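Biologist: Got a minute to go through this model with me? I'd like to take it residue by residue.

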Amino acid sequence: MKGLVSVLAGVIIGVLIAYFTLDYSGMTIQYMGDGSGGALQTINELDVDLLLDSALIIIGISAFIYIIWSMIEQGRRNREI
């Protein structure tokens with residue numbers, strides 16, 4: 001239960017942090033025709049660095065929540081004894 005809640009909270013908080021702090025500046029490539037002036041094909045580049053950084057933030061936040069939760073539980077167990 002603790003692991004599932006940590007992962008879910010990490011995903012929610014991590015996505016919010018990644019969205020507001022990481023700057024997405026994806027590149028768009030347009031291949032032009034042979035003089036007709038119109039774009040024949042448009043390709044949007046997938047930013048792998050953004051995805052990797054976002055995943056690392058989510059994993060880090062999830063691990064942080066799990067560790068803090070474990071420390072709080074350990075402290076409560078020590079007070080009961």
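Modeller: Sure. Gly26 is partly exposed, because its relative accessible area is 36%. The cut-offs: buried means under 20% relative accessible area, exposed over 50%, and partly exposed in between, with a 1.4 Å probe and protein chains only.

Biologist: Before we go on, what kind of model is this?

Modeller: A predicted model: local features need pLDDT of at least 70, side-chain atom pairs count only at pLDDT 80 or more, and totals for chains, interfaces and linings use all residues. Residues are numbered from 1 along each chain as its sequence is written, and side-chain values use heavy atoms, with hydrogens and water left out.

Biologist: Back to Gly26. Where is Gly26 found?

Modeller: In the loop between helix 1 and strand 1 (28-32). Helices (H or I, at least four residues) and strands (E, at least two) are DSSP runs, numbered from the N terminus.

Biologist: And how far apart are Gly26 and Val48 in space?

Modeller: 9.9 Å, C-alpha to C-alpha. In sequence, Gly26 and Val48 are 22 residues apart.

Biologist: Now the helices. At what angle do the axes of helix 1 and helix 2 cross?

Modeller: Roughly 135 degrees, and the axes come within 7 Å. Axes here are lines fitted to C-alpha atoms, for helices over the stretch in contact, and angles run from 0 to 180 degrees between N-to-C directions.

Biologist: What does that make helix 1 and helix 2 to each other?

Modeller: Oblique. Angles under 35 degrees count as roughly parallel, over 145 as roughly antiparallel, 65 to 115 as roughly perpendicular, and the rest as oblique.

Biologist: Is the crossing of helix 1 and helix 2 left-handed or right-handed?

Modeller: Right-handed. The near helix is turned clockwise from the far one by less than a right angle; anticlockwise would be left-handed.

Biologist: How do the residues of that contact divide?

Modeller: Into 14 nonpolar, seven polar and two charged, for helix 1 with helix 2. Ala, Val, Leu, Ile, Met, Phe, Trp, Tyr, Cys and Pro count as nonpolar, Asp, Glu, Lys and Arg as charged, and the others, Gly among them, as polar.

Biologist: Zoom in on helix 2. Is Ser54 buried or exposed?

Modeller: Buried, at 16% relative accessible area. Ser54 sits in helix 2, residues 48-80.

Biologist: What is Ser54 in contact with?

Modeller: Ala18 and Leu22, leaving aside neighbours within four places in sequence. Contact means heavy atoms within 4.5 Å.

Biologist: And Ser62, buried or exposed?

Modeller: Also in helix 2. Ser62 is buried, with a relative accessible area of 11%. With neighbours within four places in sequence left aside, Ser62 is in contact with Ser6, Val7, Gly10 and Val11.

Biologist: What about Gly60?

Modeller: Gly60 is in helix 2. At 38% relative accessibility, Gly60 counts as partly exposed. Its C-alpha is 43 Å from that of Met32, 28 residues apart along the chain.

Biologist: Switching to helix 1. Is Leu4 buried or exposed?

Modeller: Exposed, at 55% relative accessible area. Leu4 belongs to helix 1, residues 2-21. From Leu4 to Glu73 is 16 Å, C-alpha to C-alpha, and 69 residues in sequence.

Biologist: Last topic. How many aromatic pairs does the structure hold?

Modeller: One. The rings of Tyr19 and Phe20 have centres 5.1 Å apart and planes at 80 degrees, so the pair is edge-to-face. Rings of Phe, Tyr and Trp (its six-membered ring) pair if their centres lie within 6.5 Å; planes under 30 degrees apart count as stacked, over 60 as edge-to-face and the rest as tilted.

Biologist: Are Tyr19 and Phe20 buried or exposed?

Modeller: Tyr19 is exposed, and Phe20 is too.
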